[in-house]
Amino acid sequence: MTEQLSAKDWLDQGLKTLARRGFTALKAEPLAKAMGVSRGSFYWHFADIGAYRAAILTHWREVAAEQVIAELEAIPQGGDALALLLRRAFSARLALERAVRSWATTDAAARAAVLEVDRRRIGYIETLLRQAGFPADIARGRAQIFYWAFIGYALSEQTLPKAQQQAAIDELLRMAKR
């Protein structure tokens, strides 16, 4: 890596490290070593490890919710954003999701970030269901059910055979249509 790292480079490396090794690995020295630079580069961008961890949580919110929603909003009229979202969510590798949620069990700031992302995601799913013609109360209930299913999937770490996983996704899609 070059010596001219940006704060985003550090944050991206932090998300990779978080997904692979957990929140306790978010330390300046090991991160700098992994990136092939001195700790001085880290401290150029972040006052301390607390500031870095706060920035990691902000970056995760952006990557895990806002960027996904922006991509779905860019789908041309007539595209099925909800179907795409469900297929993506239930086909993704979710080590980062598990790592942030694990962090949230011991850290108030991480817990607040997770709750914020949960609210944003559920609200967006509800919006998609409302746009699909569901009444508000049904859209709200189904959004919560879909999200609970996603969280269960994300935390399970149990891989399903491809055909079984596809059958589960197809059933969720049927629920999204009726």
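Contact means that heavy atoms lie within 4.5 Å. Helices are DSSP runs of H or I of at least four residues, numbered from the N terminus. The model shown in these views is predicted, so local features need pLDDT of at least 70 and side-chain atom pairs count only at pLDDT 80 or more, while totals for chains, interfaces and linings use all residues. Residues are numbered from 1 along each chain as its sequence is written, and side-chain values use heavy atoms, with hydrogens and water left out.

**View 1. Buried residues of helix H5 and their cover.**
In H5, the buried residues (under 20% relative accessible area, 1.4 Å probe, protein chains only) include Ala 81, Leu 82 and Ala 83. Leu 85, Leu 86 and Ala 89 of H5 are buried as well. The cover over the buried residues of H5 includes H4, H7, H8 and H9.

**View 2. Packing of helices H4 and H7.**
H4 and H7 pack at an angle of about 10°, and their axes are 9 Å apart. Here axes are lines fitted to C-alpha atoms, for helices over the stretch in contact, and angles run from 0 to 180 degrees between N-to-C directions. H4 and H7 are therefore roughly parallel to each other, a term for angles under 35 degrees. On the H4 side, the contact includes Leu 57, Trp 60, Ala 64, Glu 66 and Ile 69; on the H7 side, Ala 113, Val 117, Arg 120 and Tyr 124 are among the residues that take part. The residues of this contact between H4 and H7 comprise twelve nonpolar, no polar and six charged. In this grouping, Ala, Val, Leu, Ile, Met, Phe, Trp, Tyr, Cys and Pro are nonpolar, Asp, Glu, Lys and Arg are charged, and the others, Gly among them, are polar.

**View 3. Packing of helices H6 and H7.**
Helix H6 (residues 95–104) packs against helix H7 (residues 108–131) at an angle of about 130°, with their axes 7 Å apart. That angle makes H6 oblique to H7, since oblique covers the angles left over once those under 35, over 145 and from 65 to 115 degrees have been named. From H6, Glu 97, Val 100, Arg 101, Trp 103 and Ala 104 make the contact; from H7, Ala 110, Arg 111, Val 114, Asp 118 and Arg 121 do so. The residues of this contact between H6 and H7 comprise five nonpolar, no polar and five charged.

**View 4. A network of salt bridges.**
Side chains of opposite charge can pair when their charged atoms come close. A salt bridge is a side-chain nitrogen of Lys or Arg within 4 Å of a carboxyl oxygen of Asp or Glu, and by this rule the count comes to eleven. Glu 97, Arg 101, Asp 118 and Arg 121 are linked in a network of such bridges.

**View 5. Salt bridges between separate parts of the chain.**
Glu 66 and Arg 120 form a salt bridge whose closest N and O atoms are 2.8 Å apart. Glu 66 lies in helix H4 (residues 49–73) and Arg 120 in helix H7, 54 residues apart. Glu 66 is partly exposed at 29% relative accessibility, a class that lies between buried and exposed, the latter being over 50%. Lys 177 and Asp 80 also meet in a salt bridge (2.2 Å, N to O). Lys 177 belongs to helix H9 (residues 162–177) and Asp 80 to the loop between H4 and helix H5 (81–89), so the pair ties together parts that are 97 residues apart in sequence. Lys 177 is exposed, at 55% relative accessible area, whereas Asp 80 is partly exposed, at 35%.

Notes: Helix = DSSP H or I, 4+ residues; strand = E, 2+ residues; numbered from the N terminus.
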